[in-house]
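Student: I have a structure in front of me and would like to learn how to read its features one at a time. Could we go through it together?

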Amino acid sequence: MIPIMEKIDEIDRKILACLQKDGSISQRDLAERVGLSQNACWRRLQRLNTTGLIRGTHADIDVAALGYDLTVFVMIRTRHHSKEWADDFRKHVDRLPEVIDFYRIGGDWDYLIKVVTRGMSGYDAFYQKLITNFDLATVTGFFSMEAIIDNRAADLSRLR
C-alpha cells in the first residue's frame with residue numbers, strides 16, 4: 001500500500017473524490033472536473049483500477065424500498081480461533097445472502113456482521129441459518145432504528 005500512496009497526487013485525489021460522489025459520471029465529465037484531457041484521465045483511471053485503489057463501481061440501492069426494512073448488526077464471540085475454523089466460518093457466512101458486510105474485529109467480540117432482511121421473521125430465519133453447525137459462544141443482534149450516516153465517502157483531503 002505504501003508504494004502506491006507515494007504516487008497519489010492532487011489530480012488522483014480529485015478523481016477519487018468525484019467517483020466517490022458519483023460512480024456513474026462519464027469519463028468526459030470526470031476529465032473536465034479534474035482539469036485533464038479525456039486520454040490523460042483514462043490513463044489515470046486505468047492506473048487507479050490496476051493498483052486496486054478503485055475496486056469497482058456500484059449503485060447505492062435503497063434496500064428498504066425493496067422491502068428489506070430491518071438492518072441488524074450481529075456481534076459474534078467464538079471459542080474457536082484456528083485458521084481452519086475461521087476459514088469454514090467465513091465460507092458459511094459468505095453463503096448467507098442477508099449479509100451485506102462482514103468483519104473480523106478486535107476487542108471483546110470476534111466478528112461483526114451487517115444484515116439486511118425483511119422484518120423480525122427474516123432476521124430469525126437468518127439467525128437459524130447462521131448458528132446451524134457452528135459452535136458460537138455468543139451471538140447478539142443490535143437493531144438499527146435509523147441510519148444517520150450511511151456509506152459516507154472517505155475524506156481524501158487527509159491523504160497529504
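**Reading the model step by step**

Tutor: Let us start with two helices in contact, where Gln 27, Arg 28, Leu 30 and Ala 31 of α3 meet Gln 38, Cys 41, Trp 42 and Leu 45 of α4. The residues of this contact divide into 5 nonpolar, 2 polar and 1 charged. Please keep in mind throughout that this is a predicted model.

Student: At what angle do α3 and α4 pack, and how is that angle put into words?

Tutor: Helix α3, residues 27-34, and helix α4, residues 38-50, pack at about 100°, and their axes are 9 Å apart. Angles of 65 to 115 degrees count as roughly perpendicular, and α3 and α4 are therefore described as roughly perpendicular to each other.

Student: Next I would like to read the sheet. What is the order of its strands?

Tutor: The sheet is open and has 4 strands, which follow the order β2-β3-β1-β4 with antiparallel pairing. At the edges stand β2 (99-104) and β4 (136-143), and each has a single partner strand, so one side of each is left without a neighbour in the sheet. From one strand to the next, the twist averages 20°.

Student: How many bridges join β1 and β4?

Tutor: Strand β1, which covers residues 70-78, pairs with β4 in the antiparallel sense over 7 bridges. To follow one example in the model, find Arg 77, whose bridge partner in β4 is Thr 138.

Student: Which helix lies across the strands β1, β2, β3 and β4?

Tutor: That is helix α5, residues 83-94, which lies across β1, β2, β3 (111-117) and β4 and runs at about 165° to β2.

Student: Is His 92, which is found in helix α5, buried or exposed?

Tutor: Since a relative accessible area under 20% means buried, His 92 is buried, because its value is 10%. Leaving aside neighbours within four places in sequence, His 92 is in contact with Lys 129, Leu 130, Thr 132 and Phe 134.

Student: How should I read a pair of aromatic rings?

Tutor: A pair of aromatic rings is described by the distance of the centres and the angle of the planes. A search of the whole structure finds 9 aromatic pairs, and one of them, formed by Phe 89 and Phe 134, is edge-to-face, with 5.4 Å from centre to centre and 65° between the planes. This pair links distant parts of the chain, for Phe 89 is in helix α5 and Phe 134 is in the loop between α6 and β4, 45 residues apart.

Student: Are Phe 89 and Phe 134 buried or exposed?

Tutor: Phe 89 is buried, with a relative accessible area of 0%, and Phe 134 counts as buried at 17% relative accessibility. Ring pairs link both of these residues with Trp 85, Phe 102 and Tyr 111 into a cluster.

Student: One last feature, please: what is the phi of Asn 133, and what is the phi of Asn 151?

Tutor: Asn 133 has a positive phi of about 70° although it is not a glycine, and Asn 151 has a positive phi of about 60°, although it is not a glycine either. Asn 133 lies in the loop between α6 (119-131) and β4, while Asn 151 is found in the segment after β4. A relative accessible area over 50% means exposed, so Asn 133 counts as exposed at 75%, and Asn 151 counts as exposed at 59%.

Terms used: Residues are numbered from 1 along each chain as its sequence is written. This is a predicted model: local features need pLDDT of at least 70, side-chain atom pairs count only at pLDDT 80 or more; totals for chains, interfaces and linings use all residues. Side-chain values use heavy atoms; hydrogens and water are left out. Two strands pair if DSSP finds at least two bridges between them. Axes are lines fitted to C-alpha atoms, for helices over the stretch in contact, and angles run from 0 to 180 degrees between N-to-C directions. Contact means heavy atoms within 4.5 Å. Angles under 35 degrees count as roughly parallel, over 145 as roughly antiparallel, 65 to 115 as roughly perpendicular and the rest as oblique. Ala, Val, Leu, Ile, Met, Phe, Trp, Tyr, Cys and Pro count as nonpolar, Asp, Glu, Lys and Arg as charged, and the others, Gly among them, as polar. Buried means under 20% relative accessible area, exposed over 50%, partly exposed in between (1.4 Å probe, protein chains only). Rings of Phe, Tyr and Trp (its six-membered ring) pair if their centres lie within 6.5 Å; planes under 30 degrees apart count as stacked, over 60 as edge-to-face and the rest as tilted.
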